[in-house]
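Let's take a walk through a protein model together. Have the sequence and the 3D view ready, and keep clicking on things as you read.

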Amino acid sequence: MTDPSLKKNLLELISDNANLSSFAGFLKQTGYADVIASSRTYTVFAPTNTELASLDAAIKNDPVKLKQFIGNHISTQLYYTSTVTAPTRIQMLNGKYNNMKGTAVGLASVTQADQYASNGVLQVVNKMLPALEN
């Protein structure tokens, strides 16, 4: 095991990626930064800065909605694009579910797949995963 990424946790891996700085900021703002820096295992589906630039101000400015939104991008299990070959419903930290198959997650596509960290895997996606109302 010589992959340098395995020496970093998910928060460090995300924070080191300049294209994910907005997502990293939202993680800190919502308290999820501490969650994904822990020793538990997670999969994070992180939208890029370009995608998050169009996030509705009503979500950005409401701490409850923002936490629900960011929680819809984090799962407590490992999901690799190479192993999820059949449609799979995955539960997110906010209690909602997203469908995944290969590089498709909800309406998003994974653009940078299976980036390993010491406590999980990072999937960079090209669209946000909105937390839909019940």
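Here is a quick tour of helix 2, the cores, the pockets and a few single residues. Keep in mind that this is a predicted model.

**Helix 2: two sides**

- Start with helix 2, which runs over residues 21-30, and find its buried residues: Phe 23, Ala 24, Phe 26, Leu 27 and Thr 30.
- These five sit on the same side of helix 2, because they cover an arc of only 160° around the axis.
- There's a handy rule behind patterns like this: an α-helix has 3.6 residues a turn, so residues three or four places apart point the same way.
- Now spin the view to the other side of helix 2, where Lys 28 and Gln 29 are exposed.
- Just after helix 2 comes Gly 31, which takes a positive phi of about 90°.

**The nonpolar cores**

- The largest nonpolar core is made of 25 residues, and the ones with the most contacts inside it are Ile 14, Leu 27, Ile 36, Val 44, Ile 70 and Leu 122.
- Who supplies this core? At least two residues each come from helix 1 (10-15), helix 2, helix 3 (32-36), strand 1 (42-47), helix 6 and strand 7 (120-125).
- There's also a second, separate core of eleven residues, and Val 84, Met 100, Val 105 and Leu 129 are among them.
- Back in the largest core, zoom in on Ile 14, one of the residues with the most contacts there. Setting aside residues up to four places away in sequence, Ile 14 touches Leu 20, Phe 23, Ala 24, Leu 27, Ile 36, Val 44 and Leu 122.
- Leu 27 ties two of our topics together: it's one of the buried residues of helix 2, and it's also on the list of residues with the most contacts in the largest core.

**The pockets**

- The largest pocket has a volume of about 200 Å³. It is lined by 13 residues, and the closest to its centre are Asn 98, Gly 106, Leu 129, Pro 130 and Leu 132.
- By type, the lining of the largest pocket splits into seven nonpolar, four polar and two charged residues.
- The second largest pocket holds about 170 Å³ of space. Its lining is Ile 59, Val 64, Lys 65, Gln 68, Phe 69, Pro 130, Ala 131 and Glu 133.
- Which helix gives the most to the lining of the second largest pocket? That's helix 6 (residues 63-71), with four residues.
- The lining of the second largest pocket comes out as five nonpolar, one polar and two charged residues.
- Pro 130 turns up twice: it is among the residues closest to the centre of the largest pocket, and it also lines the second largest one.

**Three residues to click on**

- Ser 82 is in the loop between strand 2 (74-75) and strand 3 (88-91). With a relative accessible area of 54%, Ser 82 is exposed. Its C-alpha atom is separated by 9.2 Å from that of Lys 101, which is 19 residues apart from it along the chain.
- Thr 48 is in a loop too, between strand 1 and helix 4 (49-52). Is it buried or exposed? Thr 48 is buried, because its relative accessible area is 13%. Neighbours within four places in sequence aside, Thr 48 is in contact with Asn 19, Leu 20, Val 124 and Val 125.
- Asp 114 belongs to strand 6 (residues 108-117). Its phi is near 50°, a positive value in a residue other than glycine. Asp 114 counts as buried, at 14% relative accessibility.

How values were computed:
Residues numbered from 1 in each chain as written. Predicted model: local features only at pLDDT ≥ 70, side-chain atom pairs only at ≥ 80, totals over all residues. Heavy atoms only, no water. Buried < 20%, exposed > 50% of the residue type's maximum accessible area, 1.4 Å probe, protein only. Arc of directions from axis to C-beta. 1 Å grid on protein atoms, 1.4 Å probe; cavity = no way out; pocket = protein on both sides within 12 Å on 5 of 7 lines; lining within 4 Å. Points joined across faces, edges and corners; volume = space filled by probe spheres on them. Nonpolar A, V, L, I, M, F, W, Y, C, P; charged D, E, K, R; others polar. Core = buried A, V, L, I, M, F, W, Y, C linked by side-chain atoms within 4.5 Å. Contact = heavy atoms within 4.5 Å.
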